[in-house]
Structures are given as structure tokens and as C-alpha cells.
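Please examine the sequence and the model below before reading on. The paragraphs that follow lead through its side-chain contacts and its pocket.

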Amino acid sequence: AGIVLLLIIMVGAKAINIIPVSALVGVMFNVVFHTFEWKSVKLMVLAAMPSKVRDKCLSDERSRQKIRRADALVILAVTIVTLLTDL
């Protein structure tokens, strides 16, 4: 796939320059939306909840699906830094 993309860019550079950036942003947003793992949002919320609240609100099976709070903090920190520094 990488080689095909390289060939498309090399051969079609003039045509690619005609495409508006807003159209490329729309395509990129659509790709991100469909490839995002939406279950990870639930895991982040579970990591933020105190264990007593998590045990009261969820069944035993669902409360075991969690990530460590340190991992959730790292994910959140990387997301914030990426958004603020415009990576």
C-alpha cells in the first residue's frame, strides 16, 4: 500500500495540487471517525470512576473491563499535548 501511495504521489503530483485542502480534511476526518476504537472512551470513563462507584453501577463482568488509571492518564496527556501543539 505504501508503494502504491508513493507512485500515486509521484505520478499525480500536479493533480493532487488541484484538490482543495478542505476536501482532504474531510476525507481524513472520515477515516479517523471510522477507524477510532469507540470502546476506548468507555474504558477511559471506567478508569476515572472510583472502584466503589464502578462496582455499584456496573455488573461484575463489565466492571472488569478496565485499564489502569496511569495508562488512562498517559492517553489523556498525549491527546491534550497533540491538540495543543497542533501535531
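In this predicted model, a convenient place to begin is Arg-68, whose relative accessible area of 57% makes it exposed, because that value lies over 50%. Its partner in a salt bridge is Asp-71, and the closest N and O atoms of the two are 3.2 Å apart. Asp-71 has a relative accessible area of 33% and is therefore partly exposed, being neither under 20% nor over 50%. How many salt bridges does a search of the whole structure find? The search finds 1, and the pair is Arg-68 with Asp-71.

The aromatic side chains come next. The count of aromatic pairs in the model is 2. In one pair, Phe-33 meets Trp-38 with the ring centres 5.5 Å apart and 65 degrees between the planes. This pair is edge-to-face because its angle is over 60 degrees. Phe-36 and Trp-38 form another pair, with 4.6 Å from centre to centre and 70 degrees between the planes. That arrangement is likewise edge-to-face. Trp-38 thus takes part in a pair with Phe-33 and in a pair with Phe-36, and the three residues Phe-33, Phe-36 and Trp-38 form one aromatic cluster.

Are the members of this cluster buried, partly exposed or exposed? Phe-33 is partly exposed, at 42% relative accessible area. Trp-38 has a relative accessibility of 49% and also counts as partly exposed, because the exposed class begins over 50%. Phe-36, at 38% relative accessibility, is partly exposed as well.

Phe-36 leads from the cluster to the largest pocket, since this residue is part of the pocket lining. The space in the largest pocket is about 220 Å³. Besides Phe-36, the lining includes Ser-40, Val-41, Leu-43 and Met-44, together with Ile-67, Ile-75, Leu-76 and Thr-79. Which elements give two or more residues to this lining? They are helix 4, spanning 39–48, and helix 7, spanning 69–84. Helix 4 gives the most, with 4 residues.

The chemical character of the lining can be described by class. Of the lining residues, 7 are nonpolar and 2 are polar, while no charged residues are present. Ser-40 and Thr-79 belong to the lining and count as polar under the classification used. Arg-68 and Asp-71, the partners in the salt bridge, count as charged, and the lining has no charged residues.

Conventions
Residues are numbered from 1 along each chain as its sequence is written. This is a predicted model: local features need pLDDT of at least 70, side-chain atom pairs count only at pLDDT 80 or more; totals for chains, interfaces and linings use all residues. Side-chain values use heavy atoms; hydrogens and water are left out. Rings of Phe, Tyr and Trp (its six-membered ring) pair if their centres lie within 6.5 Å; planes under 30 degrees apart count as stacked, over 60 as edge-to-face and the rest as tilted. Buried means under 20% relative accessible area, exposed over 50%, partly exposed in between (1.4 Å probe, protein chains only). A salt bridge is a side-chain nitrogen of Lys or Arg within 4 Å of a carboxyl oxygen of Asp or Glu. On a 1 Å grid over the protein atoms alone, a cavity is a set of points where a 1.4 Å probe fits but cannot get out, and a pocket is an open set with protein on both sides within 12 Å along at least five of seven lines; lining residues have an atom within 4 Å of a point. Grid points are joined across faces, edges and corners, and a volume is the space filled by probe spheres set on the points.
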